[in-house]
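This report introduces the structure shown below to a reader who has not met it before. It begins with a term that the later description relies on.

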Amino acid sequence: MKLILLSAGMTGRTCELKADKTTIGRSEDNTFQIAEPSVSSHHCEVMVRGSEVQVRDLKSTNGTYINGVATAEGVLKPGEILRLGQIQMRLETDAPAAPGKKHFDRTTIITGGVSRSDLESAHPGPGFDTKAAGFSKKTNEVNRIFIIVGVILGAVIGALLLYLFTRI
């Protein structure tokens, strides 16, 4: 098992969880040092107990989070995100991924996207009123009003300029 750093500037750094207890923090005396200001000098400890990984916060300043939930002590499962201050890392095992399940380490661009007809025909699900949520199709009435007002205003300005130049 290993922790893989995901935060910018540290992406790809890993910590193998071979020992029973791994200490993580900003100080050099930690098993896994992360020199980042939001990480406390002795932030947390990670204990491997068989196939289970336990995380215990060491009264850090900015907290320890498992999947976005603050925790004083908790179990970290493979694929879950551990956040210490502003630093995020993911627990990975050496076991192969489940068949049919893809794991992405970066943003993937899906070519083709979604067509407008797919969006218009999609059913949003029960309890979701598209009209009440402000997602109804817009009309061109507002555009028509702007065009009419623009034409009238242009005609008035043109007539005014013509009047002023003929008086000179």
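A residue counts as buried under 20% relative accessible area, as exposed over 50%, and as partly exposed in between (1.4 Å probe, protein chains only). By that scale Leu164 is partly exposed, because its relative accessible area is 47%.

The model is a predicted one, in which local features need pLDDT of at least 70 and side-chain atom pairs count only at pLDDT 80 or more, while totals for chains, interfaces and linings use all residues. Residues are numbered from 1 along each chain as its sequence is written, and side-chain values use heavy atoms, with hydrogens and water left out.

**Overall make-up**

The chain contains eleven strands and two helices, where helices (H or I, at least four residues) and strands (E, at least two) are DSSP runs numbered from the N terminus. Along the sequence the pattern reads β-β-β-β-β-β-β-β-β-β-β-α-α. Of its 168 residues, 26% are buried. The accessible surface (Shrake-Rupley method, 1.4 Å probe; for residues, only the protein chains shown count as cover) is about 12,400 Å², and carbon and sulfur atoms hold 57% of that area.

**Strand pairing**

Two strands pair if DSSP finds at least two bridges between them. Strand β1 (residues 2–5) runs antiparallel to β2 (residues 14–16), with three bridges, and Ile4 has Thr14 of β2 as its bridge partner. Strand β1 also pairs in the antiparallel sense with β11 (residues 87–92) over four bridges; there Leu5 stands opposite Met89.

In the loop between β1 and β2 lies Ser7, which counts as buried because its relative accessibility is 12%. Apart from neighbours within four places in sequence, Ser7 is in contact (heavy atoms within 4.5 Å) with Gln86, Ile87 and Gln88.

Five further strands make an open sheet of mixed pairing, in the order β4-β3-β5-β6-β9. Strands β4 (32–33) and β9 (73–76) each have a single partner strand, so one side of each lacks a neighbour in the sheet. Within this sheet, β3 (residues 21–25) and β5 run antiparallel over four bridges, and Thr23 is matched with Glu45.

**Salt bridges**

The whole structure has three salt bridges, each a side-chain nitrogen of Lys or Arg within 4 Å of a carboxyl oxygen of Asp or Glu.

| Pair | N to O distance |
|---|---|
| Lys21 and Glu45 | 3.6 Å |
| Arg56 and Glu45 | 2.1 Å |
| Arg90 and Glu92 | 2.9 Å |

Lys21, Glu45 and Arg56 are linked in a network of salt bridges. Glu45 is buried at 5% relative accessible area, whereas Lys21 is partly exposed at 46% and Arg56 is partly exposed at 33%. Arg90 is buried, with a relative accessible area of 9%.

**Nonpolar core and surface patch**

In soluble globular proteins, nonpolar side chains tend to be buried together. Here the largest nonpolar core (buried Ala, Val, Leu, Ile, Met, Phe, Trp, Tyr and Cys residues joined through side-chain atoms within 4.5 Å) has 21 residues, and Leu3 and Ile34 have the most contacts inside it. Strands β1, β5 (44–49), β6 (52–57), β10 (81–84) and β11 each give two or more residues to this core.

Leu164, which belongs to helix α2 (residues 141–167), is one of the residues in a nonpolar surface patch of about 910 Å². Such patches consist of residues with over 30% relative accessible area and no salt bridge, like charges being joined within 9 Å and nonpolar side chains (Val, Leu, Ile, Met, Phe, Trp, Tyr) within 5 Å.
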